[in-house]
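Let's take a walk through this model together, one region at a time. Keep the viewer open and follow along as we go.

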Amino acid sequence: METAHVMAKGFALGRRVFSLEPFGNGNVNDTFLVTCRDGSPRRFLLQRINPRVFPFPRQIAGNMRTVTEHVLERLQRDPFCSSLRWEVPRLLLTREGLEYEVDWKGHVWRAMTFIEEAETFQTVQGEKHAREVGRALGIFHCLIHDMPMDKVVRVLENFHVAPHYLQRYDRILSHGFPAKSPETEHVRKFVDERRGVVSHLEDAKAQERLEVVPIHGDPKVNNILFDRLSHTAVAMVDLDTVTPGLLLYDLGDCLRSCCNLLGEETREWERVRFDMDLCRAILGGYMASSQKGLKEGDRDHLFEAIRLLPLELGLRFFTDYLEGNVYFKVAFPEQNLLRALVQFRLTESIEEQSVSLRILIGDLFFGRKHGPT
Ligand code: GN1
Ligand code: MG
């Protein structure tokens, strides 16, 4: 906390820091809300970038600048945006004009504007909220679709490349299976039964059936901000993972986050289910707002993406548990195992509803009663 105070002063540019408190529930970076006694902005966010996840933290600060500048420019010039309240977090610079400060341990800190009069939620509040979530993702995709991809440095190699996570898991397993328990045995069997589906999106990408475009990378429910009064979505935050990828990574990730009403952190993993009504509302909101829409290839592989993203995240959590919790922050040693069980149960619920889900996709995207097989 003391270091955070020193860093906060570096971005406060002479304003007196009144308070500093931990903010949000990120699994990777440490975030604080800083309130100043005077000046403007009165409040801002301060973040310590996790070097174990982002080994080149200076690059993610640079990426954020590229993304926000692009989006702000689009908002000004595009008639589609003129009636839109859409906010973008902006980096605050230090007195020296830098995008980050480095503390005595060599950790990189950055600061950004705090979007006022807006709120976030840990779970979706109902169908209206879900439709807004979809709308927000559609708007975000429109705003970044023409961002030159060579301007964004890929800070996370193989992010969302599911076979890569499976390889990593296998590498850990080849050193032996350390913590045997009924849960870990269940997980091992669960993963083994699904090896065949892990490369589905990457295969389609390699065959050029899916296009690589700029994506958000982490469109989970609490990264979408809602206006406190109108309850409409007004921002997507957490821009560290904006990178070239597949629209389907974002859609799958958004649905796995939002259609699980018990949330990622529930201990009641056996009760987790995938909510079809919320899924319909999110996809409907997305279709209504994304000008470009989904290409045929995306629509054909949508079901696979919805199944794959929770499987992939479960694999990431479980591997991290086996590695000793070195990537995702934990409050207790079994937390990443529990998180994995939640994601795997969600995957299973999606599989159980695969017929209805394919019909829903068919209705929404193909205007017919049966989706792709
Ligand atoms: C991490 O740090 P946070 O909470 O925004 C992770 C995402 C996961 C998410 C699961 C860079 O995001 O990929 O979906 O946890 N971010 C990174 O809650 O790995
Ligand atoms: Mg994130």
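Start with helix α11, residues 335–352, in this predicted model. With 18 residues at 1.5 Å a residue, α11 should span 26 Å, and its end C-alpha atoms are indeed 26 Å apart, so expectation and model agree. How much of α11 is buried? The helix is mostly covered, with 16 of its 18 residues buried.

Just ahead of this helix, have a look at valine 330, which sits in the loop between α10 (302–323) and α11. Its relative accessible area is 34%, so valine 330 counts as partly exposed. Setting aside residues up to four places away in sequence, valine 330 touches Asn325, Gln335, Asn336 and Arg339. Valine 330 also has a partner from far along the chain: asparagine 27 is 303 residues away in sequence, yet the two C-alpha atoms are 7.8 Å apart in space.

Asparagine 27 leads us to ligand 1. Of the 16 residues around this ligand, Asn27, Lys220, Glu264, Arg316 and Tyr327 come nearest. Several side chains place an N or O atom at a short list of distances worth checking in your viewer. For glutamate 264, the distance from a side-chain N or O atom to an oxygen atom of ligand 1 is 2.5 Å. For lysine 220, the corresponding distance to an oxygen atom of the ligand is 2.7 Å, and for aspartate 238 it is 2.8 Å. On its own, ligand 1 has 440 Å² of accessible area, and the protein covers 95% of that.

Aspartate 238 now takes us to the metal. Which residues coordinate the magnesium ion, ligand 2? They are Asp218 and Asp238, each through OD, at 1.9 to 2.0 Å. This pair links distant parts of the chain, 20 residues apart: aspartate 218 is in the loop between β8 (213–215) and β9 (224–227), while aspartate 238 is in the loop between β10 (233–236) and β11 (243–245). Are these two aspartates buried or partly exposed? Aspartate 218 has a relative accessibility of 17%, under the 20% cut-off, so it counts as buried. Aspartate 238, at 29%, counts as partly exposed because its value lies between 20% and 50%. The backbone of aspartate 238 deserves a glance too: its phi is positive, about 65°, although the residue is not a glycine.

Two further residues of the β8–β9 loop have polar contacts with the backbone of these aspartates. One is asparagine 223, which lies in the loop between β8 and β9 and, at 8% relative accessibility, counts as buried. A polar atom of the asparagine 223 side chain lies 2.8 Å from the backbone oxygen of aspartate 218. Beyond its neighbours within four places in sequence, asparagine 223 is in contact with His216, Asp218, Ala235, Met236, Val237 and Asp238.

The other is histidine 216, also found in the loop between β8 and β9. Its relative accessible area is 0%, so histidine 216 is buried. Here the partner is aspartate 238, whose backbone oxygen lies 3.3 Å from a polar atom of the histidine 216 side chain. Leaving aside neighbours within four places in sequence, the contacts of histidine 216 include Phe140, Ile144, Asn223, Asp238 and Asp250.

Now travel back to the beginning of the chain. Helix α1 spans residues 2–12, and its buried residues are Ala4, Met7, Ala8, Gly10, Phe11 and Ala12. In an α-helix there are 3.6 residues a turn, so residues three or four places apart point the same way. Among the elements covering the buried residues of α1 are strands β1 (17–22), β2 (30–36), β3 (43–48) and β6 (108–113). Leucine 13 follows α1, and its phi is positive, near 45°.

Let's finish with two more backbone details. The peptide bond from serine 40 to proline 41 is cis, with omega near -5°, and proline 41 is found in the loop between β2 and β3. Asparagine 158, in the loop between α3 (127–144) and α4 (162–173), has a positive phi near 60°. With a relative accessible area of 33%, asparagine 158 is partly exposed.

Key: Residues are numbered from 1 along each chain as its sequence is written. Chains are lettered from A and ligands numbered from 1 in the order in which they are written. This is a predicted model: local features need pLDDT of at least 70, side-chain atom pairs count only at pLDDT 80 or more; totals for chains, interfaces and linings use all residues. Side-chain values use heavy atoms; hydrogens and water are left out. Helices (H or I, at least four residues) and strands (E, at least two) are DSSP runs, numbered from the N terminus. The expected span of a helix is 1.5 Å times one less than its number of residues. Buried means under 20% relative accessible area, exposed over 50%, partly exposed in between (1.4 Å probe, protein chains only). Donors are N, O and S atoms within 2.8 Å of the metal (3.2 Å for Na, K and Ca); water is not among the atoms, so sites may look incomplete. A residue is near a molecule or strand if one of its heavy atoms lies within 4 Å of it. A polar contact is a pair of N or O atoms within 3.5 Å; within protein, one must be able to donate a hydrogen and the other to accept it, and residues adjacent in sequence count only if both atoms are side-chain atoms. Accessible areas come from the Shrake-Rupley method with a 1.4 Å probe; for residues, only the protein chains shown count as cover. Contact means heavy atoms within 4.5 Å.
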